[in-house]
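Trainee: I would like to learn how to read an interface from coordinates. Can we work through one case together?

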2 protein chains.
Amino acid sequence: MTTIKIEHLNKHFHKHNVLNDINLTFKPDRIYGLLGRNGAGKSTLLSIITGLNFTSSGNVMIDGESVNDNCGALSDVFMMSETNMYPDSMKVRDIIKNTAKLYYGFDKSLANRLVREFGVDIKTSFSKLSTGYHSIVKDIIALCVPVNVVIFDEPTLGLDANHRELFYSELIQSYSDRPRTMIISTHLIDEIANLVSDVVIIDDGRIIVDGENEELLKNAHEITGPENELDAYCDGLNVIGSKKLANLKTNYVYGQLNDDRKVPDTVSINGMDLQTLFIYLTSRDEELFDEEETI
Amino acid sequence: MTTIKIEHLNKHFHKHNVLNDINLTFKPDRIYGLLGRNGAGKSTLLSIITGLNFTSSGNVMIDGESVNDNCGALSDVFMMSETNMYPDSMKVRDIIKNTAKLYYGFDKSLANRLVREFGVDIKTSFSKLSTGYHSIVKDIIALCVPVNVVIFDEPTLGLDANHRELFYSELIQSYSDRPRTMIISTHLIDEIANLVSDVVIIDDGRIIVDGENEELLKNAHEITGPENELDAYCDGLNVIGSKKLANLKTNYVYGQLNDDRKVPDTVSINGMDLQTLFIYLTSRDEELFDEEETI
């Protein structure tokens, strides 16, 4: 049972604020979806939590001990990262063996089963594997390490559909055999939407959503109808996006509806899925760079 | 209008048959989903079509001209590949500029618009971009090149959900502005299921599906009911997989149903989506390697 508490965390690179006053608690034994666009600050946040990077100010506490002051606090956290950290020529078997030596209690029999299920050729050197198998080897290690907090950074990058399904089902199995905190950072939001208990969305260095998955979706609505009636009904609601198709318009609303207001017969209200909610909450004008810059 | 015809294509590496008697026609101006598991032979097939690799036997004809005999036939085919082919230090702007010089008719104004929409920093060197932006730069180039056949190999690898949606919508827009053959090879099958007109599935070096998307799904059924009634109804049908949940069983059936047979009231028939169909058609016992091999 390990709690990670992040307080007033800031991180600057040169003059750029990568992370802005992050306050966040990862409670024990829950499965978090950590979502964010490319460049939102997810990887920086994860690297700070795992002691690979420093804060500019603020604190990361693991069970009350600051990560900055006490590296021992980190022994309970393991990150499967998108970056490859293994020597190119090292064979898969040796990578797993060496990790098992470092972590007393590493689940070797699970590793052997997963290696067979995923069809990993353990005699091959790591560098010769495809993108998908790089992810798979790192996922297998992360599932077998005996820590209380395991972080998956893009665990399904390059995996085919069958292997993604297998990974999700093994992750659930592993969690139910040994409940612990899992943090999954991924762009394939649809596929983890039914798997995570909690959702954290980071956008442009700030936490914009932090809550239970189920509660979140209770406040996410797709409301469709003829434009005039629809917009009259949605007046005052938090419309985060909209779409038109022929005579019908859909407003995407995040927040409570007005229960006092009658829903017109022509207007229908449905739930919004997590990926759609994410897209509308984090969409932006893409013109980040000088308009004059052309090719 | 370009037709690619592949006849009795075989490819061996050492003693391994990577591609087995492939016969396939890519008709002009259609959008193909080329689907396969990791290691199925997709990339080898694409590298042969684009002249980057040789056949062991058989032929690839582009508008009647053999690729082996005539490199000119290839000038009409462009592949956006998962592999990075650009010098590490080259700036994005120069990569796009150089490609534009090679292809007379390259759509510069589209490139400029897409660079802004996707927020690409064109002053950065290619190697400093993230996995997602590597894909984006290659996608932009592929959309702007004035060829009749454009091949996308994992076009959304590393893209966040917003950028994937933007890519799909720009691809459709580009196709409608200038119809041409598009071949999309991807693991994110759900996301391209509504976008492709034709589906080719390659498994273990063989073509196992080749047909129109719509026709394919007409033959893909999820049939659910109590086990006994369900299995009696499905007797003789092509059941490619099944699942049990409490008292209900689902059989996944690929092929025509028996219209003479009455569907029991307790049994319901629904369509199967493309990703599920793919997973069941290509699932296999994963124990490819020596059972004795352990860590």
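Mentor: Start with one residue pair. This is a predicted model. In it, Arg37(A) forms a salt bridge with Asp160(B), and their closest N and O atoms are 3.1 Å apart.

Trainee: How do I decide that this pair counts as a salt bridge?

Mentor: Check the distance against the cut-off, which is 4 Å from a side-chain nitrogen of Lys or Arg to a carboxyl oxygen of Asp or Glu. Arg37(A) and Asp160(B) come to 3.1 Å, so the pair qualifies. The two side chains are also listed as a polar contact, at 3.1 Å.

Trainee: Where in chain A is Arg37(A) found?

Mentor: Look at the elements on either side. Arg37(A) is in a loop of chain A, between β3 (31-36) and α1 (42-49).

Trainee: Is Arg37(A) buried or exposed?

Mentor: Read the relative accessible area. For Arg37(A) the value is 1%. Buried means under 20%, so Arg37(A) is buried.

Trainee: How many salt bridges does the rule find across the interface of chain B and chain A?

Mentor: Two. The pair of Arg37(A) and Asp160(B) is a salt bridge between these chains. Polar contacts are a separate count: 16 residue pairs between chain B and chain A, both partners at pLDDT 80 or more.

Trainee: Which helices of chain B supply at least two residues each to the side that touches chain A?

Mentor: Go element by element. The list for chain B is α2 (92-102), α3 (108-117), α4 (131-144), α5 (161-177), α6 (189-192) and α9 (274-282). The most comes from α3(B), with six residues. By residue class, this side of chain B has 15 nonpolar, 13 polar and 17 charged residues.

Trainee: And how is the size of an interface often given?

Mentor: As the accessible area lost when the parts come together. Chain B and chain A bury about 4,100 Å² between them. Carbon and sulfur atoms account for 53% of that area. In residues, chain B brings 45 to the contact and chain A brings 46.

Trainee: Now inside one chain. What domains is chain A divided into?

Mentor: Domain 1 covers 4-214 and domain 2 covers 219-282. Take the centres over C-alpha atoms, and the two domains of chain A are 35 Å apart.

Trainee: How many residues of each domain of chain A are in contact with the other?

Mentor: Domain 1 has 14 residues touching seven of domain 2. The area buried between these domains of chain A is about 890 Å², with 73% from carbon and sulfur atoms. For salt bridges, the rule finds zero across this domain interface. For polar contacts, it finds three residue pairs, both partners at pLDDT 80 or more.

Trainee: Which elements give two or more residues to the domain 1 side?

Mentor: In chain A they are β3, α6 (189-192), β9 (198-203) and β10 (206-212). The most comes from β9(A), with three residues. This side of domain 1 divides into eight nonpolar, three polar and three charged residues.

Trainee: Last, the whole of chain A. How many helices and strands are there in chain A?

Mentor: Nine helices and 14 strands. Along the principal axes, the C-alpha atoms of chain A fill a box of roughly 65 × 50 × 45 Å. Chain A has 295 residues, and 53% of them count as buried.

Trainee: What about sequence separation within chain A?

Mentor: Take contacts between residues at least 6 apart in sequence. In chain A, 69% of these join residues at least 24 apart.

How values were computed: Residues numbered from 1 in each chain as written. Chains lettered and ligands numbered in written order. Predicted model: local features only at pLDDT ≥ 70, side-chain atom pairs only at ≥ 80, totals over all residues. Heavy atoms only, no water. Helix = DSSP H or I, 4+ residues; strand = E, 2+ residues; numbered from the N terminus. Buried < 20%, exposed > 50% of the residue type's maximum accessible area, 1.4 Å probe, protein only. Polar contact = N/O pair within 3.5 Å; in protein donor to acceptor, adjacent residues only side chain to side chain. Contact = heavy atoms within 4.5 Å. Buried area = accessible area lost by both parts, 1.4 Å probe. Nonpolar A, V, L, I, M, F, W, Y, C, P; charged D, E, K, R; others polar. Domains from an automatic or database assignment.
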